[in-house]
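The exercises below are meant to be worked through with the sequence and the coordinates side by side. Each one sets a task, and a stepwise solution follows it.

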Amino acid sequence: ISACLVGSEMCIRDRAIIDRLRATSAALQESEERNRRIVEGAKDYAVFTTDTKGVVLDWTPGAEAIFGWPVSEIVGKKVDILFTPEDQAAGVPTTELQTAREVGCANDERWHLRHDGSRLFVNGSVRPLHNAHGEIAGYIKIGRDETERRAVEERLRAGEEFNRRVLASSADCIKVLGLDTNLTFMSEGGQRVMEVSDFNAIRGCPWPDFWHAEGHEKARAAVAAARAGATGHFRGPADTVAGTPKWWDVQVT
C-alpha cells in the first residue's frame, strides 16, 4: 500500500510538472507569436538580421517595403548590397559590424540603395545578437526611411544659405529687435554700412538709443507702430558705430 501511495504521489507531481511545462511552453509560443506580429506589422521600419559575416537571414515586410527587396531575393545575400558603391569601397559594412561587436551598437545614418538602384537615407542602428552561451551569433539592424526629411532639411539649408548671401550682399542695414527693442541681429551688409567691427559689442543694446534728440522719439514711435501691427517709418541723421554721420530712411515692421 505504501509503495502504491508513493507511486501515486509521484504521478500526481509529475503530471503537475508536465502541466506547468506545457503552460510555460504555450505562453512562450504566444509571446513569440505576438512579438512576431508586432515586428512584421512595423511597416515604417526596416528590421532584418544577419549572421556574423553580414549575410541576411531574416527580412521583415517593413524591410521589403523600404528597400524594395522581396524576402526571396535578399535572404542569403550579404548586407553590403544595400550600401552605396562609395561606402562599399570604404569598407563601411564591415566597419559597422565591427563597431557593433566591439561597442554593442553602431549607428547607421547614411545613404543606402533600394532594389531598383535608387538611393534612400536611412537612420538606424546595428546591434549584436547573442546565443544561449553569450556568444555573438549575428546582428539585427533596425532602420527608418528618412529620405523625405533629409530632402526637406537640405532645402531649408539651401534656402537659409541663399537668404544669408542676399543679406550679406545688401547695403541695407537689416536688424532684428527683441520686444524690448534690444538688438538681436544685424545683417553682414548692415554691419558694413554701420561700420560695426564686432556685433557682439552692441548686441543687446536698445536700438532707439542709437538715435538722438528728435530721432530718438521717432525711433520709439516707429517701434510702437510696429508693435501695434503697422509699419513705422521715419527719416533722420544718426552716426555709425565708428562715428561717421549718415542720413537714414528707416522702416520698422
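**Exercise 1. Place a proline by its exposure and its surroundings.**

Task: Decide whether Pro 61 is buried, partly exposed or exposed, and state in which helix Pro 61 is found.

Solution. Pro 61 has a relative accessible area of 31%; because buried means under 20% and exposed means over 50%, Pro 61 is classed as partly exposed. This value, like the others here, is computed from a predicted model. The next step is to locate the residue, and Pro 61 turns out to belong to helix H2. Finally, Pro 61 can be related to a residue elsewhere in the chain: Ala 46 is 15 residues apart from Pro 61 in sequence, and the two C-alpha atoms are 7.7 Å apart in space.

**Exercise 2. Classify two aromatic pairs.**

Task: State how many aromatic pairs the structure holds, then work out the geometry of the pair formed by Phe 48 and Phe 67 and of the pair formed by Trp 207 and Phe 234.

Solution. The structure holds seven aromatic pairs. For Phe 48 and Phe 67, the ring centres are 6.4 Å apart and the planes stand at 85°, so this pair is edge-to-face. The pair links distant parts of the chain, since Phe 48 lies in strand E1 (residues 45-50) and Phe 67 in helix H2 (residues 61-67), 19 residues apart. Phe 48 counts as buried at 3% relative accessibility, and Phe 67 likewise counts as buried at 3%.

For Trp 207 and Phe 234, the ring centres are 6.3 Å apart and the planes make an angle of 55°, so the pair is tilted. Here too distant parts of the chain are linked, with Trp 207 in the loop between helix H7 (188-193) and helix H8 (214-227) and Phe 234 in strand E8 (residues 232-239), 27 residues apart. Both Trp 207 and Phe 234 are buried. As a last step, ring pairs can be followed from residue to residue, and they join Phe 48, Trp 59 and Phe 67 into a cluster.

**Exercise 3. Trace the sheet and the helices that pack on it.**

Task: Give the strand order of the open sheet of five strands, and identify which strands stand at the edges.

Solution. The order is E2-E1-E5-E4-E3, and the pairing is antiparallel. Strand E2 (56-59) and strand E3 (106-113) each have a single partner strand and therefore stand at the edges, where one side of each is left without a neighbour in the sheet. From one strand to the next, the twist averages 30°.

The pairing can then be followed residue by residue. E3 pairs with strand E4 (residues 119-130) over eight bridges in the antiparallel sense; within this pairing Glu 109 stands opposite Asn 123, and Arg 110 stands opposite Val 122. The two strands form a hairpin with five residues between them, and Gly 117 in the turn has a positive phi of about 95°.

Two helices complete the picture. Helix H5 (residues 92-103) packs on the sheet and touches E3, E4 and strand E5 (136-145), with a direction at about 160° to that of E3. Helix H6 (residues 147-169) also packs on the sheet, touching E3, E4 and E5, and its direction makes about 130° with that of E4.

**Exercise 4. Describe the largest pocket.**

Task: Find how much space lies in the largest pocket, and which element gives the largest share of its lining.

Solution. The largest pocket holds about 690 Å³ of space. It is lined by 26 residues, of which Lys 175, Trp 207, Val 250, Gln 251 and Val 252 are the closest to its centre. Strand E6 (175-177), H8, E8 and strand E9 (245-252) are the elements that give two or more residues to the lining, and the largest share, five residues, comes from E9.

**Exercise 5. Examine positive phi outside glycine.**

Task: For Thr 181 and Glu 195, give the value of phi and the place in the chain.

Solution. Most residues other than glycine have a negative phi. Thr 181 nevertheless has a positive phi near 75°; Thr 181 sits in the loop between E6 and strand E7 (183-186) and is buried, with a relative accessible area of 14%. Glu 195 also has a positive phi, of about 55°; Glu 195 lies in the loop between H7 and H8 and counts as partly exposed at 34% relative accessibility.

Technical notes: Residues numbered from 1 in each chain as written. Predicted model: local features only at pLDDT ≥ 70, side-chain atom pairs only at ≥ 80, totals over all residues. Heavy atoms only, no water. Phe/Tyr/Trp six-rings, centres within 6.5 Å; stacked < 30°, edge-to-face > 60°. Helix = DSSP H or I, 4+ residues; strand = E, 2+ residues; numbered from the N terminus. Buried < 20%, exposed > 50% of the residue type's maximum accessible area, 1.4 Å probe, protein only. Pairing = 2+ DSSP bridges. Axes fitted to C-alpha atoms, helices over the stretch in contact; angles between N-to-C directions. Contact = heavy atoms within 4.5 Å. 1 Å grid on protein atoms, 1.4 Å probe; cavity = no way out; pocket = protein on both sides within 12 Å on 5 of 7 lines; lining within 4 Å. Points joined across faces, edges and corners; volume = space filled by probe spheres on them.
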